[in-house]
Amino acid sequence: MPVTERIVIDAHPSIKKMLSEISKEYEITMKDVVCSLIESKYKELQLRKQGKKSEHLLNLNPDDLKTKIN
């Protein structure tokens with residue numbers, strides 16, 4: 001069984017209620033709601049990692065930056 005289905009099945013009743021409401025509002029399955037939330041959080045994580053990399057590069061001295069780019 002896919003992990004997203006297990007999440008829906010094993011969710012606390014209050015979470016199931018929230019998933020159900022979102023599902024009805026957007027006319028998608030609860031599984032799709034879970035997948036959408038995971039994808040959204042993953043994109044957020046990638047942007048945060050990218051921001052940290054950019055911040056790190058900005059803090060390097062010019063000689064280090066040349067090394068990192070090449």
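## A surface patch and two buried residues

V3, I7 and I38 together form a nonpolar patch on the surface, and their accessible area adds up to about 270 Å². Such patches take in residues with over 30% relative accessible area and no salt bridge, where nonpolar side chains (Val, Leu, Ile, Met, Phe, Trp, Tyr) are joined within 5 Å and like charges within 9 Å; a salt bridge is a side-chain nitrogen of Lys or Arg within 4 Å of a carboxyl oxygen of Asp or Glu. The areas come from the Shrake-Rupley method with a 1.4 Å probe, and for residues only the protein chains shown count as cover.

This is a predicted model, in which local features need pLDDT of at least 70 and side-chain atom pairs count only at pLDDT 80 or more, while totals for chains, interfaces and linings use all residues. Residues are numbered from 1 along each chain as its sequence is written, and side-chain values use heavy atoms, with hydrogens and water left out.

The table places residues in helices, which are DSSP runs (H or I, at least four residues) numbered from the N terminus, and classes them as buried (under 20% relative accessible area), exposed (over 50%) or partly exposed in between.

| Residue | Helix | Relative accessible area | Class |
|---|---|---|---|
| I7 | helix 1 (residues 3-10) | 36% | partly exposed |
| T4 | helix 1 | 9% | buried |
| S23 | helix 2 (residues 13-26) | 12% | buried |

Leaving aside neighbours within four places in sequence, T4 is in contact (heavy atoms within 4.5 Å) with K31, V34 and C35. With residues up to four places away likewise not counted, S23 touches I28, T29, M30 and V33, and the S23 side chain reaches the backbone oxygen of I28 at 2.2 Å.

Key:
Helices (H or I, at least four residues) and strands (E, at least two) are DSSP runs, numbered from the N terminus. Buried means under 20% relative accessible area, exposed over 50%, partly exposed in between (1.4 Å probe, protein chains only). A polar contact is a pair of N or O atoms within 3.5 Å; within protein, one must be able to donate a hydrogen and the other to accept it, and residues adjacent in sequence count only if both atoms are side-chain atoms.
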